[in-house]
Amino acid sequence: MALLGGEDSSINNIISVGSSVRGDIKVNGFMRIDGDLEGNLESNGNVIIGEKARIRGNISAKAVTVSGIVQGNIIAQESIRLFSSSAVIGDVQTHHFQADEDVVFHGHCISLSDANAYSDAALSWQNTKVIVSKAIKA
């Protein structure tokens, strides 16, 4: 099966309903999570967070689709899509952001299609977070 642009859409990795993983995960390709993950997830492909999934950690991927719960930051090079059943407690950073009605989202959002404006906003936000974290420790 191929997505637009000829990209392969077959799922390379899956954490199924009822499964629980603790620790950071780094995968190549398409990842689907329907279970629980306590740790960070890094993928060079697309990530789907199913409706029953519960993630406690940061996600970094090409594109992320969320139907479950994510407590952590999401950075996606291309896009982030939040379905109505989703809850995201954390910051999101992407070029294209879409959220359905009734989404629970608590965090900071950077979504700019212009590459230069995106880079500037992301750098500014990272600097702000570092300053705030050091000010809180002082």
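**View 1. Strands S5 and S8, side by side.** S5 and strand S8 (residues 54–56) run parallel and are joined by 3 bridges. Strands here, like helices, are DSSP runs numbered from the N terminus (E, at least two residues, for strands; H or I, at least four, for helices). Leu37 stands opposite Ile55 in S8. Before zooming in further, note that this is a predicted model, where local features need pLDDT of at least 70, side-chain atom pairs count only at pLDDT 80 or more, and totals for chains, interfaces and linings use all residues. Residues are numbered from 1 along each chain as its sequence is written, and side-chain values use heavy atoms, with hydrogens and water left out.

**View 2. The open sheet that holds S5 and S8.** Its 6 strands come in the order S2-S5-S8-S10-S12-S14, with parallel pairing. Pairing here takes at least two DSSP bridges between two strands. At the edges sit S2 and strand S14 (104–106), each of which pairs on one side only. Neighbouring strands of this sheet are turned by 5° against each other on average, direction ignored; the axes are lines fitted to C-alpha atoms (for helices, over the stretch in contact), and angles run from 0 to 180 degrees between N-to-C directions.

**View 3. Arg22 and Glu38, a salt bridge from S2 to S5.** The closest N and O atoms of Arg22 and Glu38 are 3.7 Å apart, which fits the salt-bridge rule (a side-chain nitrogen of Lys or Arg within 4 Å of a carboxyl oxygen of Asp or Glu). This pair links distant parts of the chain, with Arg22 in strand S2 (residues 20–22) and Glu38 in strand S5 (residues 36–38), 16 residues apart. Arg22 is exposed at 71% relative accessible area, while Glu38 is partly exposed at 39%. The classes are buried under 20%, exposed over 50% and partly exposed in between (1.4 Å probe, protein chains only). A search of the whole structure finds 5 salt bridges.

**View 4. Lys26 and Glu42, a salt bridge from S3 to S6.** Here the closest N and O atoms are 4.0 Å apart. Lys26 belongs to strand S3 (residues 25–27) and Glu42 to strand S6 (residues 41–43), with their positions 16 residues apart in the chain. Lys26 is exposed, at 69%, and Glu42 is partly exposed, at 40%.

**View 5. Lys62 and Glu78, a salt bridge with a buried lysine.** The two side chains meet at 3.9 Å, N to O. Lys62 lies in strand S9 (residues 59–66) and Glu78 in strand S11 (residues 74–82), 16 residues apart. Lys62 counts as buried, at 19%, whereas Glu78 is partly exposed, at 39%.

**View 6. Phe97 and Phe105, a tilted aromatic pair.** The count comes to 1 aromatic pair. Phe97 and Phe105 form this tilted pair, 6.1 Å centre to centre with 50° between the planes. Rings of Phe, Tyr and Trp (its six-membered ring) pair if their centres lie within 6.5 Å; planes under 30 degrees apart are stacked, over 60 edge-to-face, and the rest tilted. Both rings belong to partly exposed residues, Phe97 at 28% and Phe105 at 29%.

**View 7. Ser111 and what it touches.** Ser111 is in strand S15 (residues 109–111) and is partly exposed, at 29%. Leaving out residues up to four places away in sequence, Ser111 touches Thr94, His95, His96 and Phe97, where contact means heavy atoms within 4.5 Å. A polar atom of the Ser111 side chain lies 3.3 Å from the backbone nitrogen of Phe97. Ser111 and Gln93 are 18 residues apart in sequence but 6.0 Å apart in space, C-alpha to C-alpha.

Key: Polar contact = N/O pair within 3.5 Å; in protein donor to acceptor, adjacent residues only side chain to side chain.
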